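Biologist: I've got this protein on my screen and I'd like to talk it through with you. Can I throw some questions at you?

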Amino acid sequence: MSNPYPPEGGLLSTPENRAAAATLAALERCQAEETVLEGRAVLCTPEHDLVVEVGPFTGTIPRQEAALGIREGTAREIAILSRVGKPVACTVSAVGEKLYFSRRRAQELALEHLLALPVGTILPGVVTHLEGFGAFVDVGCGVTSMIGIENCSVSRIAHPNRRFAVGQEICAVLTGQDRALGRLYLSHKELLGTWAENAARFAPGMTVTGWVRGVKPYGTFVELAPNLTGLADQTEGLAEDDRVSVYIKAIQPARRKIKLTILEKLAAGGQPAPFSYVISSGQLTGWDYTAPLSRPL
C-alpha cells in the first residue's frame, strides 16, 4: 500500500485490508509486524470500550486504547463515542480466545510518520468537524489537525462550512510540525492555484454564477472560485453568502482585478462545486498567489 496510514475509511474496503484480517494466522502476522488494519466500530460499552468488526472477526478496543490522549486525559470521551458506526484504524494487540485491538497505537504510528515528513508535503485528508475558527481534518488513522479559516482559501469566508463539509475528502499541505507537542499544521489555499491560474478559467463577456463574500459601501465582492474574487458595483438587497449570476466586464491581470456586474440573485443552490486542485500530490516548495504559476516539486 502506497500510504500505510490514510485517513480512517481509506483502508476498509481494500483487498490488502481484507487479506490481512482474513484468518487468525493473518492477524497474528499483523500483530508481529504492527500492521495497521481497519474495521468498523459497532458498539461502545458503558465502560467506553469499542467493539469492532475487523474482517470476519469481532474484537475489543479497550477505552485507553481507543484514541490518542484518552490515557493522558487530554482527549475527550467524544473521541470514542463518535466512532460507533464508522471505520476505525487499529493494530492487533492480542489474538486468542478474545481479540484485542489498539486504535491508539495505529495513531501513534501514523503520527510518527507524519512528523517525519518534510514541510510542504501534500496530504490526503477527510474533514471530521468544523468550528468557526477552522476545519479539523483527519490526515492519518484518525490523527487530526486544523486548517485555520484564514488558510481555507484566498477568498474570505465567514465560516469554514462555506468551504467544507464533514466527511469531505480534501487535500492539505503540511506547513509545519511541533514534534514536542505532536502537532501538525496544515493549509489548503495554496493547492487551489494562483490568481492567474484561476483567472484563466474566465473571460470578459462571460456570465457565470458566484457567491457574495462581502458587501461594502463601495461595492460587492463576489467569489468566482475559492481563490478568485471580483468586485461589482454596490447592489441593494444582497447579503453575504447569497448566490448570484454575474457578467464579467473586464479582467485586469496587471492589477489582479476582475470587474463584474451582478445580474440577479439566484435561489440557494448548495455550496460551490468540489475543489479543482491545481496541485494534489507531491511537495510544495513555495507558493506566491501573485505569481503566474504554482510550483510543486
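What follows is a chat about the fold, the charged contacts, the rings and a few single residues.

Biologist: Let's start simple: how many helices and strands does the protein chain have?

Modeller: Keep in mind that this is a predicted model. Its C-alpha atoms fill a box of roughly 70 × 40 × 35 Å along the principal axes, and 45% of the 297 residues are buried. As for the elements, the count is five helices and 17 strands.

Biologist: On to charges. How far apart in sequence are the parts that the E8 and R83 pair ties together?

Modeller: The two side chains meet in a salt bridge at 3.3 Å, N to O. E8 sits in the segment before α1 (15-20) and R83 in the loop between α3 (78-81) and β4 (87-94), so the bridge ties together parts separated in sequence by 75 residues.

Biologist: E8 also has a salt bridge with R103. Is R103 buried or exposed?

Modeller: That bridge is 2.8 Å, N to O, and it links distant parts of the chain, with E8 before α1 and R103 in helix α4 (residues 103-115), 95 residues apart. The cut-off for buried is under 20% relative accessible area. E8 comes in at 11%, so E8 counts as buried. R103 has just 4% relative accessibility, so R103 is buried.

Biologist: Which residues share a salt-bridge network with R104 and E72?

Modeller: R104 and E72 meet at 2.7 Å, N to O. R104 is in helix α4 and E72 in the loop between β3 (57-61) and α3, so this pair ties together parts 32 residues apart in sequence. R104 is buried at 7%, whereas E72 is partly exposed at 47%. Through shared partners, the network joins R104 and E72 with E34, R105, E108 and E112.

Biologist: E34 caught my eye. What is its phi?

Modeller: E34 is in the loop between α2 (24-33) and β1 (37-44), and at 34% relative accessible area it is partly exposed. Its phi is positive even though the residue is not a glycine. The value is near 50°.

Biologist: And H48, where is that found?

Modeller: H48 is not a glycine either, yet it has a positive phi of about 70°. Its place is the loop between β1 and β2 (50-54).

Biologist: Now the rings. What kind of aromatic pair do W287 and Y289 form?

Modeller: The structure holds five aromatic pairs. For W287 and Y289, the centres are 6.0 Å apart and the planes make an angle of 45°. Planes under 30 degrees apart count as stacked and over 60 as edge-to-face, so with 45° this pair is tilted.

Biologist: Which residues make up the aromatic cluster with F164?

Modeller: This one is a separate entry on my list. F164 forms one aromatic cluster together with F275 and Y277.

Biologist: What about the surface: which residues form the positive patch with K259?

Modeller: K259 lies in strand β15 (residues 257-266). At 39% relative accessibility, it counts as partly exposed. Its partners in the patch are K249, R255, R256 and K257.

Biologist: Last one: how far apart in space are R156 and T229?

Modeller: R156 is in the loop between β8 (143-148) and β9 (169-178), and with 73% relative accessible area it is exposed. In sequence, R156 and T229 are 73 residues apart. In space, C-alpha to C-alpha, the distance is 9.1 Å.

Definitions and conventions
Residues are numbered from 1 along each chain as its sequence is written. This is a predicted model: local features need pLDDT of at least 70, side-chain atom pairs count only at pLDDT 80 or more; totals for chains, interfaces and linings use all residues. Side-chain values use heavy atoms; hydrogens and water are left out. Patches are made of residues with over 30% relative accessible area and no salt bridge: like charges are joined within 9 Å, nonpolar side chains (Val, Leu, Ile, Met, Phe, Trp, Tyr) within 5 Å. Accessible areas come from the Shrake-Rupley method with a 1.4 Å probe; for residues, only the protein chains shown count as cover. A salt bridge is a side-chain nitrogen of Lys or Arg within 4 Å of a carboxyl oxygen of Asp or Glu. Lys and Arg count as positive and Asp and Glu as negative; His and the chain ends are not counted. The place of a charge is taken as NZ of Lys, CZ of Arg, CG of Asp or CD of Glu. Helices (H or I, at least four residues) and strands (E, at least two) are DSSP runs, numbered from the N terminus. Buried means under 20% relative accessible area, exposed over 50%, partly exposed in between (1.4 Å probe, protein chains only). Rings of Phe, Tyr and Trp (its six-membered ring) pair if their centres lie within 6.5 Å; planes under 30 degrees apart count as stacked, over 60 as edge-to-face and the rest as tilted.
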